[in-house]
Amino acid sequence: MMILLPLPAALVTQPPRFGPSPEQQAKTQADHKHLLEQLKLDGLRPGPSGDPKAPNAANADEAKVTPYTLPDALTLKNGKKVASRKDWEARRKELFEDFDREMYGRTPKNTPRVTWEVTETIKEKKGEIAVVTKKLVGHVDNKAFPSIKVDIQLTLTTPESATKPVPVVLEFGFIFPTRPGAPAFAPPLGTGKSWQEQVLEKGWGYAILSPASVQADNGAGLREGIIGLVNKGEPRKPDDWGALKAWAWGASRALDYFETDKDVNAKQVAIEGLSRYGKAALVTMAYEPRFSVGFIGSSGTGGAKLYRRHFGEQIENVASSGEYHWMAGNFVKYAAGSLGPNDLPVDAHELIALCAPRPVFISCGSPFVEGNWVDSKGQFLAGVAAGPVYSFLGKKPLPSAEMPKIGEGLTSGELAFRQHEGGHTVGPNWPYLLTWAERYWK
Ligand code: GCU
């Protein structure tokens, strides 16, 4: 049975999404079942509901958060404290191995080549600003398995007046409708300027990568897309990569292209995303050292939220057939039998730590508008817990371990956090993100 998650109230401001067809649902169920068989699991614990009024609603009461102990990012598995850069390199290897095996899966060593083609160059205006937009397709070499075709969709927009390569904000987003006749996505909240205009006003450019063109956002698609292509149409093994890693791989390929485009300063590229794409943005930032800064929007569980914190969305939700495809197959084990979040070898603060020393901004909305599903405090606390690694590397952690008020940004250092007054969007935080990033892009 597919566990259908009622959408948290917070998500009503979200762009409409199209539910999977019955055929896709059946494919997803079959793949999820096949995974449980590989792992020799009879079933998984169901997750709590995202509907705050449901009898099994996810915990939203601070008083009911059970105590937990986080693994120490700065202690090696042999018990030794990280004391030198060399120790940290060794610890990073350990962390990547744990995240690869148990959480996000292993990106294959030999992924096929991508050849970028500019399919259209458009001179247009965004607000008052004259820009050049390139539509790009990244053709993935599929000689090894021609029945699966992967064409990565990307757009790049830079100010026409730029006289030198500009920094770029790359967003995981939606470019082309996923289905013919699909309605346009909702405009950003408020009446202010779009994030794209705000970026252009800084003299920078922006790019949008379509994650679905790299890897479908469902279990049914795991034998297609880049994951299916590498596996030659076969199902995943439990430590194979999930969609978050595949999307991150796509972002790295976009960066390869930027390195060849004279309009882009490829040393100053930010990765940004919201929600599932916020998770993808954080995974990208951790795994791809060429990204300069990360804007991590309302990423919740699987992103910046601490798994060990019993509040909002839980491991069981992510392990369910609706979301497991984001992760490695091995991850679902932690929603079965005697295993739970405390058994995870790593927690979200260590994913943030893997981005260090590069700047990361954790963004969320107001719990009163966005709801508690994303657990903004759990994201803040992960940021706090990643702090010692930033300090160790000579960078500024969050300046306080006390959860700030809504609208009170902690943006003085490489680790930044701000909870805006709106809902499930990055929207109101854009001006703060850009002002903060400007410090690092001087
Ligand atoms: C669901 C899911 C979240 C995810 C969100 C989104 O609410 O449970 O983990 O972040 O969808 O991507 O919109």
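Helices (H or I, at least four residues) and strands (E, at least two) are DSSP runs, numbered from the N terminus. Keep that in mind as you click around, with residues numbered from 1 along each chain as its sequence is written. What you have open is a predicted model, where local features need pLDDT of at least 70, side-chain atom pairs count only at pLDDT 80 or more, and totals for chains, interfaces and linings use all residues.

**Stop 1: colour by confidence**

Start by colouring the chain by pLDDT, the predictor's confidence in each residue, from 0 to 100. The chain averages 93, and 92% of its residues reach 70 or more. Now select residues 1–16, where the pLDDT is below 50. Beyond near neighbours in sequence, that stretch has 29 contacts in the model (a contact means heavy atoms within 4.5 Å). Residues 176–188 also stay under 50, and the model gives them 13 contacts beyond four places in sequence.

**Stop 2: the sheet**

Switch to cartoon view and look for an open sheet of 9 strands with mixed pairing, in the order β1-β2-β3-β5-β4-β6-β7-β8-β9. Two strands count as paired if DSSP finds at least two bridges between them. β1 (114–126) and β9 stand at the edges with a single partner strand each, so one side of each has no neighbour in the sheet. From one strand to the next, the twist averages 20°.

Walk in from the β1 edge. Select 129–140 to get β2, which pairs with β1 in the antiparallel sense over 12 bridges. To see one of these bridges, show Lys 125 and its partner in β2, Ala 130. Next comes β3: β2 and β3 are antiparallel too, over 9 bridges, and Leu 136 has Leu 154 in β3 as its bridge partner.

β3 itself covers residues 151–159, and 7 of its 9 residues are buried. Buried here means under 20% relative accessible area, exposed is over 50%, and partly exposed is in between (1.4 Å probe, protein chains only).

Move on to β5 (residues 205–209), which runs antiparallel to β3 and is joined to it by 4 bridges. Thr 155 stands opposite Ile 208 in β5. On the β4 side, the pairing with β5 is parallel, over 5 bridges, and Val 169 has Tyr 206 as its bridge partner in β5.

How many residues of β5 are buried? The count is 5 of the 5, so the strand is largely enclosed by the rest of the structure. In a regular strand the side chains alternate between the two faces of the sheet. Try it on β5: Gly 205, Ala 207 and Leu 209 are buried on one side, with Tyr 206 and Ile 208 buried on the other.

**Stop 3: a helix across the strands**

Select residues 276–287. This is helix α6, lying across β4 (166–172), β6 (264–274), β7 (293–297) and β8. α6 runs at about 145° to β6, with axes fitted to C-alpha atoms (for helices, over the stretch in contact) and angles running from 0 to 180 degrees between N-to-C directions.

**Stop 4: helix α10**

Now pick residues 376–392. Helix α10 has 17 residues and reaches 25 Å from its first C-alpha to its last, close to the 24 Å expected; the expected span is 1.5 Å times one less than the number of residues.

Where is the kink in α10? Go to Ala 386, shortly before the proline Pro 388, for a kink of about 35°. That bend is the angle between axes fitted to the seven residues ending there and the seven starting there. Buried residues of α10 include Phe 380, Leu 381, Val 389 and Tyr 390. Among the elements covering the helix's buried residues are α2 (85–104), α9 (367–370) and β9 (415–419).

From α10, hop to Ala 348 in helix α8. Ala 348 is buried, at 1% relative accessible area, and its contacts include Tyr 307 and Ala 382.

**Stop 5: backbone oddities**

Most residues other than glycine have a negative phi, and most peptide bonds are trans. Lys 232 has a positive phi of about 50°; find it in the loop between α4 (225–230) and α5 (243–258). Ser 298, in the loop between β7 and α7 (315–319), has a positive phi near 35°. Buried or exposed? Ser 298 counts as buried, at 1% relative accessibility, while Lys 232 is partly exposed at 45%.

Finish at Ala 356 and Pro 357, joined by a cis peptide bond with omega about 5°. Pro 357 lies in the loop between α8 and β8.

Methods
Heavy atoms only, no water.
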